[in-house]
Amino acid sequence: MQLHQAGRVSSECAAQRRAKRSLPLHGVHASQSARSQPCNGRVASRKPLVCRAVATPEAATQMGSAEKQTGVYYNMDSSTKTTRPRLVVLGSGWGAMSFIKSLPKNISDMYELIVVSPRNYFLYTPLLPAVATGTMEERSIVEPVRNFIVGKGEFYEALCKGIDPVAKELVCCFPEDSGLDSACFKLSYDVLVMAVGSVNNTFGIKGVDQYCFYFKSIEDAGRLRARVSECFERAALPATPEEERKKLLSFVVVGGGPTGVEVAAELYDMIECDLAKLYPNIVKDVSIQIIELMDHVLSTYDRAISIYTADQFKRAGIKLVLNSRVASVEDGCVKVANKANEITDIKFGACVWATGIAMNPLIRQLQEQLPGQSHFRSVLTDECLRVKGSDGSIWALGDAATIDQPKALDYAEQLFDSADSNKDGKLSLQELRQLLNEASREFSHLEEHARYFDSQTGVRRVGSLVSNAIASTTTSSSSSAPQTPLAPLLVNPDSEITLEQFHEVLGKIDKGLRALPATAQVANQQGKYLAKVFSGTKITGDPELDKASAESVKPFRYFHKGSAAYVGSDKAVFDLPRLGPLTGTGAGFVWKSYETMSQFSFRNQCLVAADWVRTKIFGRDISRV
């Protein structure tokens, strides 16, 4: 009997049970058009939500089309609003929940707050790999949205199917995956905060959607956990051939970033600490492989951390397939191409897709209706997180937003002229320092260089940048062109820099401009920032009324606190600013402590701490339920 046949039987039984308890209301059948599931036919009890506030690309159609497809039963238009501005928040992820949690308890005095999301809970995503292996239980890392919203506003479990930024209206429907009537309604807003996140990116690779496990939701983690149990039980049968057993016990992770590394590490811990005792005769056939496009894992971390992680995985027997890309995925086989474009087949029992994010379909719909929106992954905002082209009525944060940072080089002449007090066509070191300090108010990426300039080491660092620019300039210029030596610029306070050299310096600084990473840390800080903005200033969504207050809103400034990843065997790695790399068992203890204390409530802090202790004492529960 093949594995997919057993999976189909359990799937059909589950479908029958769901049909009995999910009778449609009012004679309206809810659509069950879930995407093809992995595991050869095994279907979850709820369709996976691809984002925080929209279910499928088909759902994110134009406003009129959305109304035609689903009957609108109730209209919460302007006639239903109070005298307070209606503030609607889309999403229940890091950005949205950080925003709502940080709002003061009396925020209802300022706004009519409404939160809309198809998911009625917040998921603490950093511990999702631990859930996939039974180290953590699902309920330990989720928090009901209503716990955050009580006393502040209302919550509606619904997905947004359409948005009209001109009429300031949304079409929202109860999630179809519930098995109940979709119950659509229109919702008007004065101010809209979009925290709808992103969706999985397959990069157009054939077979990913059909045969890989995504890793963004609690349902994804549950399916992977069940799949690992299925593979071990199937491999343990006496009639299972050796070749098939090795295939079933081969686990492939695509993506060598923090998520992929932690999934592989948690799988290793589960196998080494628990399954090796329960399946002693087949554990020798287990293999874990990570496929990574770069030449090292954790490529955004300090290189010393990447080397440490590679060594740790080598000792654990986790194979790194580096400098390779996935060409296609078939049933039980992933085809990998190296730099020479040579194709290698890697057979698997489970393949986890832990790489790449793409634009939320709702964001794409909004982009089509707003001018100046052309980013490939998210809406463009100003430095205060106001969506460009929305006249201040729409704000965005997290994966749904990218701050459009102006380049200082475009204003080089203007900046140089304003700083050149004696109009001699040159800037002294002091004038350059003052220029950077003043310009950093408008160009935030200059602030770091301004701080460096205020310290002795900063002068050397910026001076090195100027040195390279000057060297490039003097090399390409003629011998009669004016030249400014590097040494006097660094040592002599009377050193001067020309406009041409200033161009070179700004050009190199602008090249360092990077969009903020799509991480929970960024979304969390943006949510807290917006909470301060909305609680400190009454935002009405009317450009005329908000004009005075808009000038007083300070731009968002991201502070990178560092990066961390779990690498197995109670070890972790930290990449900390100023302190540098931190690795080993001590880092593992710090990591567990940090993830425990970072929970949004004391209840979850206790649950997570209890799960760590329970796993150490009793091991992981491998039951497939």
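In the predicted model, Phe122 has a relative accessibility of 1% and therefore counts as buried, the cut-off being under 20%. Phe600 is likewise assigned to the buried class, because its relative accessible area is 14%. The rings of Phe122 and Phe600 form a stacked aromatic pair, with 4.5 Å from centre to centre and 15° between the planes. Phe122 belongs to strand β4 (residues 121–123), whereas Phe600 lies in the loop between α20 and α21 (602–618); the pair thus links distant parts of the chain, 478 residues apart. Both residues are members of one aromatic cluster, which also includes Trp94, Tyr124 and Phe148.

The structure holds 14 aromatic pairs. Another of these is formed by Tyr111 and Phe534, whose rings are tilted, at a centre-to-centre distance of 5.8 Å and with 55° between the planes. Tyr111 is located in the loop between α3 (94–102) and β3 (112–117) and Phe534 in helix α18 (residues 520–536), so this contact between rings ties together parts that are 423 residues apart in sequence. Tyr111 and Phe534 are both buried.

Helix α20, which precedes the loop holding Phe600, spans residues 585–597 and packs on a β-sheet. This sheet is open and consists of three strands in the order β26-β27-β28, with antiparallel pairing. Strands β26 (563–568) and β28 (580–584) are the edge strands, each pairing on one side only. On average, neighbouring strands of the sheet are turned by 10° against each other, direction ignored. Strand β27 (residues 571–576) is joined to β28 by five bridges, and the two strands run antiparallel. Within this pairing, Asp575 has Pro581 of β28 as its bridge partner.

Two helices are associated with the three-stranded sheet. Helix α10 (residues 303–316) lies across β26, β27 and β28 and runs at about 170° to β27. Helix α20 also touches β26, β27 and β28, but its direction makes about 80° with that of β27.

A second antiparallel arrangement involves strand β7 (residues 159–164) and strand β8 (residues 169–173), which are joined by five bridges. Cys160 has Cys172 in β8 as its bridge partner. The two strands form a hairpin with four residues between them, and in the turn Lys168 adopts a positive phi of about 55°. Strand β7 is mostly covered, with five of its six residues buried.

Residues 407–442 are covered by the UniProt annotation "domain: EF-hand", which comes from an unreviewed entry. Over residues 407–442 the chain is 53% helix and 8% strand, and the end C-alpha atoms are 10 Å apart. Helix α13 comprises residues 429–439, and its buried residues include Leu429, Glu431, Leu432, Leu435, Leu436 and Ala439. These residues cover an arc of only 160° around the axis, which puts them on the same side of α13. An α-helix has 3.6 residues a turn, so residues three or four places apart point the same way.

How values were computed: Residues are numbered from 1 along each chain as its sequence is written. This is a predicted model: local features need pLDDT of at least 70, side-chain atom pairs count only at pLDDT 80 or more; totals for chains, interfaces and linings use all residues. Side-chain values use heavy atoms; hydrogens and water are left out. Two strands pair if DSSP finds at least two bridges between them. Axes are lines fitted to C-alpha atoms, for helices over the stretch in contact, and angles run from 0 to 180 degrees between N-to-C directions. Contact means heavy atoms within 4.5 Å. UniProt positions are given in the numbering used here, feature names are shortened, and annotations may be inferred rather than shown by experiment. Buried means under 20% relative accessible area, exposed over 50%, partly exposed in between (1.4 Å probe, protein chains only). The arc is that of the directions from the helix axis to the C-beta atoms. Rings of Phe, Tyr and Trp (its six-membered ring) pair if their centres lie within 6.5 Å; planes under 30 degrees apart count as stacked, over 60 as edge-to-face and the rest as tilted.
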